[in-house]
Amino acid sequence: LEALQDLETYESQQILLVTDQLKQIIATAQNIVLLTSLAVILTSIFMANLARKRLIHPFALLRQGIERIRAGTLDHAIPITTKDEMGDLAGALNSMAAEINQSRLQLQEYAHTLEDQVNERTFEAEQRAMQAHTAAEITQAASGMLDVEELLRMSVNLIQQRFNLYYVGLFLLDESHHTARLRAGTGEAGRIMLENEHQLPL
């Protein structure tokens, strides 16, 4: 009877021992599952951040760059330098924007040059028209004026006024054609040179 009791006691101890081991195994398994889940979560967060940096952020930069190009800001490069399709697309857009900007600068320069040429041609046309008008006035005055000296004085004064010149002098060749003599001059300088019979050798 004592032997039977000892056997039951031993079996009970073995059962308790096995139960404790099972509990330890279960606890260890739970810890492993918890650590594995935590590792999966951290890995997912890391991959999500990596995907955001590699995909979402470049997309945002690309969209901002396209908006700037549409707004006319062509000298701003899209800061994407990755060696993938996104980097290739950004490089193509940067090249296109640079070419458009260069063409725009050339057109602006051509427009300024054309405007300068138009202004120059307009000024020349106005000068020619003024010359023709002044010549017509002198011719009209000459047709009704018999005094040559008065005609010469009127001519230099009219030319000075029409073209806003500081001084106008009119020289005529003498009979030998070796000397040009001053016959009319505007202002005080002209009066003095006429009194001094100013002439230029040829």
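Trainee: In the hairpin that β1 and β2 form, which residue in the turn has a positive phi?

Mentor: Good place to start, bearing in mind that this is a predicted model. Five residues lie between β1 and β2 in this hairpin. One residue of the turn has a positive phi of about 60 degrees, and that is His 177.

Trainee: How many bridges join β1 and β2, and in which sense do they pair, parallel or antiparallel?

Mentor: Take β1 as residues 169-173 and β2 as 179-185. Across the pair, Leu 172 faces Arg 181 of β2. The strands run antiparallel, and the number of bridges is five.

Trainee: Is Thr 186 buried or exposed?

Mentor: Look just past β2, in the loop leading to α4 (187-195), where Thr 186 sits. Its relative accessible area is 2%, and the limit for a buried residue is under 20%. Thr 186 is therefore buried.

Trainee: Which residue has its backbone nitrogen 3.0 Å from a polar side-chain atom of Thr 186?

Mentor: Setting aside neighbours within four places in sequence, the contacts of Thr 186 include Val 156, Asn 157, Gln 160 and Tyr 166. Tyr 167 and Val 168 are also among them. The backbone nitrogen in question, 3.0 Å from the Thr 186 side chain, belongs to Val 168.

Trainee: Which helix gives the largest share of the largest nonpolar core?

Mentor: That core has seven residues: Leu 61, Leu 62, Ile 78, Ile 80, Met 86, Ala 90 and Leu 93. Both α1 (2-71) and α2 (85-143) supply at least two of them. The largest share is three residues, and it comes from α2.

Definitions and conventions. Residues are numbered from 1 along each chain as its sequence is written. This is a predicted model: local features need pLDDT of at least 70, side-chain atom pairs count only at pLDDT 80 or more; totals for chains, interfaces and linings use all residues. Side-chain values use heavy atoms; hydrogens and water are left out. Helices (H or I, at least four residues) and strands (E, at least two) are DSSP runs, numbered from the N terminus. Buried means under 20% relative accessible area, exposed over 50%, partly exposed in between (1.4 Å probe, protein chains only). A polar contact is a pair of N or O atoms within 3.5 Å; within protein, one must be able to donate a hydrogen and the other to accept it, and residues adjacent in sequence count only if both atoms are side-chain atoms. Contact means heavy atoms within 4.5 Å. Two strands pair if DSSP finds at least two bridges between them. A nonpolar core is a set of buried Ala, Val, Leu, Ile, Met, Phe, Trp, Tyr and Cys residues joined through side-chain atoms within 4.5 Å.
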